[in-house]
Amino acid sequence: MYKESFLMAWASLIANKMRSILTMLGIIIGVAAVIALVSIGNGVKQDIQNSISSLGSNLLMVMPGAPRTPGVRPSAGSMKSLKVSDYEAIAKLDGVKAASPMTNGSYVVIYQNKNWTTSVSGVSYNYLDVNNWSMKSGRFLSEKNVQNRERVAVVGKTVVKNLFGDEDPVGAEIRVKNIPFRIIGVLNSKGSGAMGNDQDDMVIIPYTLSLIHI
């Protein structure tokens with residue numbers, strides 16, 4: 001019975017070659033289209049997950065607003081309304097695993113006869129946990145570094161590339177606003193952020209020091 005059915009089907013295919021070819025072509029195109037759409041969807045999903053993961057999927061940022069003044073309105077975050085006591089209070093809240101303050105500015109960083117304008121951020125020792133980051137070499141800021149206001153720094157890949165090239169920066173001294181900082185570590189690369197900014201173009205120092213000098 002199976003043999004007869006196969007022979008009848010084969011005879012029908014041979015007798016109607018064009019219809020058979022078009023039917024097969026339709027099936028092939030349909031399957032290929034489904035596979036392509038699923039692959040594209042998975043790729044977009046993974047890209048979004050990577051962007052969110054680079055920021056920290058459970059990250060909450062608390063930023064000051066902007067003062068209401070006549071004329072051109074200042075950008076968000078320009079108001080100096082947050083204090084260290086606010087950070088300390090947030091860190092003690094139930095459900096908060098880690099917290100870090102952050103001061104930020106753009107400065108020229110100098111190493112020997114080279115200079116590079118980059119983002120200099122003052123943070124606490126648990127900034128890596130807050131931002132889901134890791135180290136490539138050396139170490140991150142310690143609690144002692146922060147408490148003692150030590151002039152140490154951690155740098156990103158872009159800063160290393162533009163100031164040091166192939167040289168190991170750990171142990172080297174850079175200057176920010178003519179203030180010396182000893183590099184103690186290099187961050188693993190994170191690439192571009194959700195807003196297209198280069199997350200590797202940064203220098204990290206203790207926030208206790210940045211509040212005083214930078």
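A polar contact here is a pair of N or O atoms within 3.5 Å, where one must be able to donate a hydrogen and the other to accept it. Keep that cut-off in mind on this tour, which goes through a predicted model.

**The whole chain**

Start with everything shown as a cartoon. You should find seven helices and seven strands in the protein chain. Coloured from the N terminus on, the elements run α-α-α-β-β-α-β-α-β-α-β-β-β-α. Now colour by accessibility: of the 214 residues, 29% are buried. If you draw the contacts between residues at least 6 apart in sequence, 61% of them join residues at least 24 apart.

**First stop: N145**

Select N145 and look at helix α5, residues 143–147, where this asparagine sits. Is N145 buried or exposed? N145 counts as buried because its relative accessibility is 2%, and the cut-off for buried is under 20%.

Next, add E150 as sticks. The side chains of N145 and E150 are joined by a polar contact of 2.5 Å. Then show the backbone of S142: its nitrogen lies 3.0 Å from a polar atom of the N145 side chain. To fill in the surroundings, select R139, F140, E150, V152, I184 and P206, which N145 touches when residues up to four places away in sequence are not counted.

**Second stop: strand β7**

P206, one of the residues touched by N145, leads you onward, since strand β7 covers residues 202–206 and is mostly covered, with five of its five residues buried.

Which way do β2 and β7 run relative to each other, parallel or antiparallel? They are parallel, and five bridges join them. To see one of these pairings, pick S121 and look across to I204, its bridge partner in β7.

Now bring in strand β4, residues 152–155. This strand pairs with β7 in the antiparallel sense, over two bridges. Select V155 and you will find V203 of β7 standing opposite.

While the strands are on screen, a reminder for reading side chains: in a regular strand they alternate between the two faces of the sheet.

**Third stop: T118**

Stay with the strands and select T118, in β2, residues 114–123. With 2% relative accessibility, T118 counts as buried.

Measure from its C-alpha atom to that of V203: the separation is 7.2 Å, although the two residues are 85 apart along the chain. Then turn on the side chain of D201, which makes a polar contact of 2.6 Å with the side chain of T118. Leaving aside neighbours within four places in sequence, the residues in contact with T118 are G105, S106, Y107, V109, V159, D201, M202 and V203.

**Last stop: a pocket**

Finish by turning on a surface. Rolling a probe the size of a water molecule over the atoms shows where empty space is left.

Centre the view on K136, K157, V160, P169 and V186, which lie nearest the centre of the second largest pocket among its 13 lining residues. Elements giving two or more residues to this lining are β3 (135–138), α6 (157–163) and β6 (179–187). Which element gives the largest share? That is α6, with three residues.

About how much space lies in the second largest pocket, and what lines it? The space is about 190 Å³, and colouring the lining by residue type gives four nonpolar, three polar and six charged residues.

Methods. Residues numbered from 1 in each chain as written. Predicted model: local features only at pLDDT ≥ 70, side-chain atom pairs only at ≥ 80, totals over all residues. Heavy atoms only, no water. Helix = DSSP H or I, 4+ residues; strand = E, 2+ residues; numbered from the N terminus. Buried < 20%, exposed > 50% of the residue type's maximum accessible area, 1.4 Å probe, protein only. Contact = heavy atoms within 4.5 Å. Pairing = 2+ DSSP bridges. 1 Å grid on protein atoms, 1.4 Å probe; cavity = no way out; pocket = protein on both sides within 12 Å on 5 of 7 lines; lining within 4 Å. Points joined across faces, edges and corners; volume = space filled by probe spheres on them. Nonpolar A, V, L, I, M, F, W, Y, C, P; charged D, E, K, R; others polar.
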